[in-house]
Amino acid sequence: MLDTSARLLKLLSLLQTPRDWAGPELAERLGVSARTVRRDIERLRELGYPVHATQGTAGYRLGAGPAVPPLLLDDDEAVAVAVGLRTAAGVAGVEETSVRALAKLEQVLPSRLRHRVQTLQSAMIAMPGDGPTVDASVLTAIAAACRGRERLRFDYLAHDGTTSRRITEPHRLVGWGRRWYLVAWDVERGDWRTFRADRIEPKTPTGPRFAPRELPGGDVVAYLGERLQVALWHYQATLRFRLPAARVAELITPTGALIEPVGENACEVTMGADSMHFLAVFAGLIEADFEVVDPPELRDHLARLGTRYLRAAEHRPRSDPPRSDVSAGPGS
């Protein structure tokens, strides 16, 4: 005879089949008495499973309740759900939820089922479009680290083609438009950073657990949105002004740049534009001394612009010739 826990799991598995089960039939399947079946049914109800008694047949059926209780899936069902969740990761409105559910499911999938999921996924061809190109296994690895509050190590491919190793405390995985972004605390840089998930190559194993930090502003969507507004520009630059952040915020458009305080009397401003020349011009609009943090090539544009300004300041136009008195006629 099965012990109580194993018997309850087997009973739950039987009840999840969409049909009515007569009490004697369940007793025969479990090898127990009808009284034991009734007692086990009550235990399932106490755990939150809505087991309904059917009329006329003295049977039982698992129905819908106020919440979704844990479900038992057989091999084929687990594979089907995993593949469906991977596909749903690209559906607007359910991307993040699908990834969280997929991370939970793949964490407990046996290796034989995980291989079946990967085989099916490799045989599926998506129609061309603007959907995310990030691999689902990368999304689940990031989501699992976020949920488990474990440090995540990964190689990151920057927009200029260079690769760097990052050690992060992952905060949230956010679907934005048709892309995925990781918002995380960069341990080595000592600051918050945003990473495109399709440029992340996770490393295993994950690091130690960490105590979560408070994200600036507390709203991860607003935080990411501000940074993406700058990132969408073809050129970006970071300047350090010798002026309080609050004062700089009064001088520029709030959505045009990111302002980070550096002490009481200085701040760093990250901004974007369609050309490096415009970034150089924009920097001069703030009446304060500054230095270029990044990129170095902006200094060349500032030097050329400064040379032009100096030439304009030093230029002295020749005096206009004296005007002749045309009103006076001959002999006057």
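I call a residue buried when its relative accessible area is under 20%. I am working on a predicted model.

**Entry 1: F241 and its ring partner**

I looked up F241 with that cut-off in hand. Its relative accessible area is 0%, so F241 is buried. I then checked F290. This residue comes out at 29% and is partly exposed. I noted the ring geometry of the two next. The centres of F241 and F290 lie 5.2 Å apart and the planes meet at 40°, so I filed the pair as tilted. I traced both residues along the chain. F241 belongs to strand 9 (residues 235-241) and F290 to strand 12 (residues 290-294). The two are 49 residues apart, and the pair links distant parts of the chain.

**Entry 2: V269**

I moved on to V269, since F241 is among its contacts. V269 sits in strand 11 (residues 267-273). Its relative accessible area is 0%, so I marked V269 as buried too. Which residues touch V269, once neighbours within four places in sequence are set aside? I listed A237, T238, L239, F241, V248, I252, A257, L258 and I259. I took the C-alpha distance for one of these contacts, V248. V269 and V248 are 21 residues apart along the chain, with 8.6 Å between their C-alpha atoms.

**Entry 3: other aromatic rings**

I counted aromatic pairs and got five. One of them joins W185 and W192. Their centres are 5.8 Å apart and their planes stand at 80°, which I recorded as edge-to-face. Are these two tryptophans, W185 and W192, buried or exposed? W185 has 16% relative accessibility, so I count W185 as buried. W192 has 9%, so W192 is buried as well. I also found F154, Y156 and F195 together in one aromatic cluster.

**Entry 4: the three-stranded sheet**

I turned to an open sheet of three strands. Its order is 1-3-2, and the pairing is antiparallel. Why do strand 1 (21-22) and strand 2 (51-54) count as edges? Each has a single partner strand, so one side of each has no neighbour in the sheet. I followed strand 2 into strand 3 (residues 59-62) and found four bridges in the antiparallel sense. I noted H52 standing opposite R61 of strand 3. Last, I looked at what packs on this sheet. Helix 1 (residues 4-15) does, and it touches strand 1, strand 2 and strand 3. I wrote down about 80° between the direction of helix 1 and that of strand 3.

Terms used:
Residues are numbered from 1 along each chain as its sequence is written. This is a predicted model: local features need pLDDT of at least 70, side-chain atom pairs count only at pLDDT 80 or more; totals for chains, interfaces and linings use all residues. Side-chain values use heavy atoms; hydrogens and water are left out. Buried means under 20% relative accessible area, exposed over 50%, partly exposed in between (1.4 Å probe, protein chains only). Contact means heavy atoms within 4.5 Å. Rings of Phe, Tyr and Trp (its six-membered ring) pair if their centres lie within 6.5 Å; planes under 30 degrees apart count as stacked, over 60 as edge-to-face and the rest as tilted. Two strands pair if DSSP finds at least two bridges between them. Axes are lines fitted to C-alpha atoms, for helices over the stretch in contact, and angles run from 0 to 180 degrees between N-to-C directions.
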